[in-house]
Amino acid sequence: MPNKHEIMTALRQTGVIVVVRTESADDLLSVAKALHDGGVKFIEITMTVPDALGVIREAVRVLKDRDVYIGAGTVLDAETARMAILAGSSFIVGPAFDKGMVDLCRTYGVLVMAGGLTPNEIVNAWKGGADVVKVFPVKSVGGAEYLKAVKQPLPQVELVPTNGVDFETAASFIKAGAIAVGVGNAIVSKALISGKEFGTITANARRMIEVVRMARGRNSA
């Protein structure tokens, strides 16, 4: 398993985490490959997906020779985090701060992202040991302007906004100071998965990677 420093470096470089939510685990390996083909290195499979641990385990096995990090999302407690890590997850994401989950990840040396929305929740998650704080649901409190306002007094806290991130808003979040953006439906919707539109998923991924690159003032490779 790659070390935490390596993963944080890759996160800063690419700036996109794709969150995969679906009611069926069918085709998720093809989805992961399609995302990687589009330049995405961080794929978060939520624990709401049927047999999420099995999907994570198989994705890690199949993509082991590719430059990609498979993580577990919607992790609520230490027990689930441990099972996800044993399945091969490179990072763990929770919608809120759970001390047991964060402590467990730190024990294993695995990057952990805990959720927070208010300044108090964000600071508590960071002081509690989260490597990155997932600002969720950021759309409901003002989007990029809110993130910018929070980031100003907290430049040392790495933030990843989710909810309301799409091709039109992603650049503003990056410019507001986000280390990365968490994106779901804009890249890989349930309709695209069920329709097996893997080419479209790859194109969406490539487009989002370019949006983030341009927002950071970088030219295409």
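This briefing covers the empty spaces, two helix contacts and two backbone features of the structure above. The model is predicted. A search of the whole structure finds 1 cavity of 30 Å³ or more. The largest pocket holds about 230 Å³ of space. Helix α2 takes part in two crossings, one with α10 and one with α3.

**Cavity**

- Rolling a probe the size of a water molecule over the atoms shows where empty space is left.
- The largest cavity has a volume of about 30 Å³.
- Its lining is made up of Ile17, Val19, Glu44, Val93, Met113, Lys134, Val160, Thr162 and Gly182.
- By class, that lining splits into 5 nonpolar, 2 polar and 2 charged residues.

**Largest pocket**

- About 230 Å³ of space lies in this pocket. It is lined by 15 residues, and Val19, Arg21, Val183, Gly184 and Asn185 are the closest to its centre.
- Strands β1 (16-20) and β8 (181-183) each supply at least two residues of the lining.
- The lining counts 6 nonpolar, 6 polar and 3 charged residues.
- Val19 appears in the lining of the largest cavity and also among the residues closest to the centre of the largest pocket.

**Second largest pocket**

- This pocket has about 160 Å³ of space.
- Its lining has 12 residues, and Pro2, Val60, Lys64, Val68 and Ser90 lie nearest its centre. Helix α3 (52-62) and strand β3 (69-73) are the elements that give two or more residues to this lining.
- The class split here is 8 nonpolar, 2 polar and 2 charged.

**Helix α2 against α10**

- Two packed helices are described by the angle between their axes and the distance between the axes.
- The axes of α2 (residues 28-37) and α10 (residues 198-215) come within 7 Å. They cross at roughly 40°.
- α2 and α10 are therefore oblique to each other. The crossing of α2 past α10 is right-handed.
- On the α2 side, the contact uses Ser30, Val31, Ala34, Leu35 and Asp37. On the α10 side, Phe198, Ile201, Thr202, Ala205 and Arg206 meet them. The residues of this contact divide into 6 nonpolar, 2 polar and 2 charged.

**Helix α2 against α3**

- The axes of α2 and α3 come within 10 Å and cross at roughly 45°.
- α2 and α3 are therefore oblique to each other. α2 passes α3 in a right-handed crossing.
- Leu28, Leu29 and Lys33 of α2 meet Val55, Glu58, Ala59 and Val62 of α3. By class, this contact has 5 nonpolar, no polar and 2 charged residues.
- Helix α3 meets α2 and also gives residues to the lining of the second largest pocket.

**Backbone features**

- Most residues other than glycine have a negative phi, and most peptide bonds are trans.
- Phe136 and Pro137 are joined by a cis peptide bond, with omega about -5°. Pro137 sits in the loop between β6 (132-135) and α7 (144-151).
- Thr74 is not a glycine, yet its phi is positive, at about 55°. Thr74 is found in the loop between β3 and α4 (78-86).
- Strand β3, which comes before that loop, also gives residues to the lining of the second largest pocket.

How values were computed:
Residues are numbered from 1 along each chain as its sequence is written. This is a predicted model: local features need pLDDT of at least 70, side-chain atom pairs count only at pLDDT 80 or more; totals for chains, interfaces and linings use all residues. Side-chain values use heavy atoms; hydrogens and water are left out. On a 1 Å grid over the protein atoms alone, a cavity is a set of points where a 1.4 Å probe fits but cannot get out, and a pocket is an open set with protein on both sides within 12 Å along at least five of seven lines; lining residues have an atom within 4 Å of a point. Grid points are joined across faces, edges and corners, and a volume is the space filled by probe spheres set on the points. Ala, Val, Leu, Ile, Met, Phe, Trp, Tyr, Cys and Pro count as nonpolar, Asp, Glu, Lys and Arg as charged, and the others, Gly among them, as polar. Axes are lines fitted to C-alpha atoms, for helices over the stretch in contact, and angles run from 0 to 180 degrees between N-to-C directions. Helices (H or I, at least four residues) and strands (E, at least two) are DSSP runs, numbered from the N terminus. Angles under 35 degrees count as roughly parallel, over 145 as roughly antiparallel, 65 to 115 as roughly perpendicular and the rest as oblique. A crossing is left-handed if the near helix is turned anticlockwise from the far one by less than a right angle, and right-handed if clockwise. Contact means heavy atoms within 4.5 Å.
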